[in-house]
Amino acid sequence: MNATSDNLHQVAIPEPFTLVVFGASGDLAHRKLIPSVFKLWCDGLLPEQVAVIGYARSEKSQQQFIDELRESAGNAFADQGVDFPQNKWKKFAARVSYHQGGYNIAADFESLRDSIKSQAAAASVAANCVFYLATPPDAFVPIVQQLYACGLSRRGETNPWSRIVIEKPFGRDLQTAQTLNAQLGECFSENQIFRIDHYLGKETVQNIMVLRFGNSIFEHLWSHDNIDHVQITVAESLDVGRRGKYYDNAGALRDIVQNHMMHLLSLIAMEPPVTLTPDAVRNEKVKVLKALRPIPPVCAKNGVVRGQYTAGTIGGVKISGYRETENVRPKSGTETFVAFKVYLDNWRWAGVPFYLRTGKCLQRRCTEISVHFKRIPDVLFNLPPYGPLPQNVLSIRVQPDEGITLEFQAKVPGAVMKIEPLKMKFDYKSSFGASPPDAYERLLLDAALGDATLFTRSDEVEAAWRFVAPVIEHCSQDCCSMISEYQPGTWGPAAADELIQADGRQWYLG
Ligand SMILES: NC(=O)c1ccc[n+]([C@@H]2O[C@H](COP(=O)([O-])OP(=O)(O)OC[C@H]3O[C@@H](n4cnc5c(N)ncnc54)[C@H](OP(=O)(O)O)[C@@H]3O)[C@@H](O)[C@H]2O)c1
C-alpha cells in the first residue's frame, strides 16, 4: 500500500538567517552542505532571503567559488537522480558569497561580521547566523573563539540568534572531548551548540522512534522478556582511500563506534521519552549510554575482535592492503574492523547481548539493526519434523535501500505441512514514491529552526567516550599482535564469526 500525503504536517520555515560555512573549499561543503542548502531552498523550506557565506583560507574569486559549487551541486543532484534546476540556481547563486580568511585572524572575522550585518541590513532582516564548522577539528576552537571575540556568538538587537554546527570527530577520547566541550562553552551556551552526526538525519534512524513509540505492536515485546539479542552492523565496502592520515589516527572504534553506533544503540534501547522535546529525547539516550557495562581490560584484549584488511579485490577492483595505504604507518596497529558484544545493565535489557560490528572493505555497504526475538517453546511446530524454526527478526535497514523487514514463519502452500521463513518488507522508495532526502538537508533545516533533537548533547558525547575510550586504550596495548587480518570483500576476520558463534548465534543481514 502506498502512503499518501494527506496527513503530512506543515513544515516550519526558519526565520531569515545567514549560513556561514567554515572550510568552504573542502569536500563536505561541496559534496553535501551547499547542495543540501540549495535543495532546501528550491523546495521552499528556507526563507527566500537566506544568505550563504563560504569562508576558507584558499584564494579564489567569487565567480570561481560559485562555478565550483555549481559543479558539485550538479553532481549531487545527478547522484540523487534529480534534474538540476538551473533557473533557480541563478537566483540562489546571487545569495552566495565567498569570504577568504584565516581561522585565527581577528581582522578576518571582523570583516566577516561586517559583511553579515550589512547583507542583513540590505535585506531588512535580522542578522541571525548558523556557523557551520566544516573544517578539520584543529580549527574548531580558534574559529569559535574568534566568533566570540568579534561579538558574533552573542545575542544582540541586530542578531537575535546565532548557532554553531560542529562536525565529528568530537575529541579523540574522554579528556579531549571534555576539554572541547569546556572551550565551546566559554563562547557559546549549550543551546547554541549543535554537534552533528549525519546518521541522525537519516530517515530510517528517525523512524526507529516512530516504529517503537508510534505503534502498539512492538513496544510491549521490546525487552529481555521477548528479545534474545540485537545486532548492529555498519559495513562499508570502500577502503580508506586518501584518508590514510586521518584514519590511521582514528580507527573503526573512534570513526564509527563512538558516534554512529552509539546513537543507533541508544535509539533502539532507550525508554520512551516523556515528550518529544530535544532534552527529553536526549535524556533517555544518555541513560542508555550510562547503562553500558564497561568492557574490562582482559575482555577488551580477548573479546573485542579487531581486524585489518589485506590486499585483495572487491568486485574485480584491486585494493591495496591497509598498511600499504598512503599516509598509513607500515606497522600500523589501527583497526579497520571491529566486532564485540556488550550488555546494558538496566531492567529492560538485563542479560540481552548486543553484538556490534563495523568495518571497511567489507562485502557490501550496509547499515542495519536486527532485533532477534526469542524462540518459540519447544512444542508444536518447533519440534521435528517441522522445527526447530528460526527466530522472528525485525531488521531496520539504515542504508542503502532504507526500510524495515519482519521475518516470520509461514506454511508453504500444499498438502503437506511445510514451514518456511518469509520476509515482510517495507521500503521507503516503493511506499513513499521517493528516496528519503539527504541527511544533511534535515539537519541543516533543524539547526536553522533551533531544534536540537537530532544533535548530540555534551553529556551524550562524553558518555559515549566514557564507554569507548577505555576499550581503545586497552586494545592499543600490544595492538599489532592482537589484530586479525581479513580479505577485502569478506565480512571481516574469522574471529568475528567465532565471537557470535560461541554464543550459538550467527551474524544476520535481512
Ligand atoms: N567529507 C565528509 O564526507 C565528512 C563526513 C563526516 C564528517 N566530516 C567532517 O567534516 C569536517 C570537514 O570535512 P572535509 O572532508 O570537508 O575536510 P577537508 O576537505 O579536509 O577540509 C575542509 C577545509 O578545511 C580547511 N583545512 C584543511 N586542513 C586544515 C587544517 N589543518 N586546519 C585548518 N583548516 C584546514 C581547508 O580549507 P582552506 O585551506 O581553504 O581553509 C579545507 O578545504 C571534518 O571535521 C570531517 O571530519 C566530513
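Two strands count as a pair here if DSSP finds at least two bridges between them. Keep that in mind, please, for the sheets. One more point before we start: this is a predicted model.

Let's take the six-stranded sheet. It is open, and its strands follow the order E3-E2-E1-E4-E5-E6. The pairing is parallel. Which strands sit at the edges? Strand E3, residues 96-100, and strand E6, residues 193-195. Each of these two pairs on one side only. Going from neighbour to neighbour, the strands are turned by 20° against each other on average, direction ignored.

Now look inside that sheet. Strand E1 covers residues 18-22, and strand E2 covers residues 51-56. The two run parallel, joined by five bridges. For one position in detail, find Val21: opposite this residue, in E2, stands Gly54.

A helix lies against this sheet. Helix H1 packs on it and touches E1, E2 and strand E4, which is residues 129-133. The direction of H1 makes about 170° with that of E1.

H1 also takes us to the ligand. Which helix gives the most to the shell around the ligand? Helix H1, residues 27-42, with three residues. There are 20 residues around the ligand. Coming nearest are Ser25, Asp27, Arg31, Ser58 and Tyr103. By type, the shell divides into nine nonpolar, five polar and six charged residues.

Here are some distances to oxygen atoms of the ligand. A polar side-chain atom of Tyr103 lies 2.7 Å from one. For Leu28, a backbone N or O atom lies 2.8 Å from a ligand oxygen. At Gly26, a polar backbone atom is 3.2 Å from a ligand oxygen. How much of the ligand does the protein bury? Taken alone, the ligand exposes 870 Å², and the protein buries 72% of that.

On to the nine-stranded sheet. This one is open too, with the order E16-E15-E14-E13-E7-E12-E11-E8-E17. Its pairing is mixed. Why is one side of E16 and of E17 left without a neighbour in the sheet? Strand E16, residues 419-427, and strand E17, residues 483-486, stand at the edges with a single partner strand each, so one side of each stays free of a neighbour in the sheet. Neighbouring strands in this sheet are turned by 20° against each other on average, direction ignored.

Zoom in on strand E11, residues 337-342, and strand E12, residues 354-359. They run antiparallel, and six bridges join them. Val338 has its bridge partner in E12, and that partner is Thr358.

This sheet has a helix packed on it as well. Helix H10, residues 252-269, touches strand E7 (227-235), E11, E12, strand E13 (366-373) and strand E14 (393-399). The direction of H10 makes about 145° with that of E12.

Last topic: backbone details in the loops. Start with the cis peptide bonds. One joins Lys168 and Pro169, with omega about 5°. Pro169 sits in the loop between strand E5 (162-166) and helix H6 (174-187). Another cis bond runs from Pro384 to Pro385, with omega near 10°. Where is Pro385? In the loop between E13 and E14.

That E13 to E14 loop also holds Leu380. Leu380 is not a glycine, yet its phi is positive, at about 45°. Asn327 is not a glycine either, and has a positive phi of about 70°. Look for Asn327 in the loop between strand E10 (317-319) and E11.

To recap. One open sheet has six strands with parallel pairing. The other open sheet has nine strands with mixed pairing. H1 packs on the six-stranded sheet, and H1 gives the most to the shell around the ligand. That's it from me.

Note on methods. Residues numbered from 1 in each chain as written. Predicted model: local features only at pLDDT ≥ 70, side-chain atom pairs only at ≥ 80, totals over all residues. Heavy atoms only, no water. Helix = DSSP H or I, 4+ residues; strand = E, 2+ residues; numbered from the N terminus. Axes fitted to C-alpha atoms, helices over the stretch in contact; angles between N-to-C directions. Contact = heavy atoms within 4.5 Å. Near = heavy atom within 4 Å. Polar contact = N/O pair within 3.5 Å; in protein donor to acceptor, adjacent residues only side chain to side chain. Areas by Shrake-Rupley, 256 points an atom, 1.4 Å probe, with all protein chains shown as cover. Nonpolar A, V, L, I, M, F, W, Y, C, P; charged D, E, K, R; others polar.
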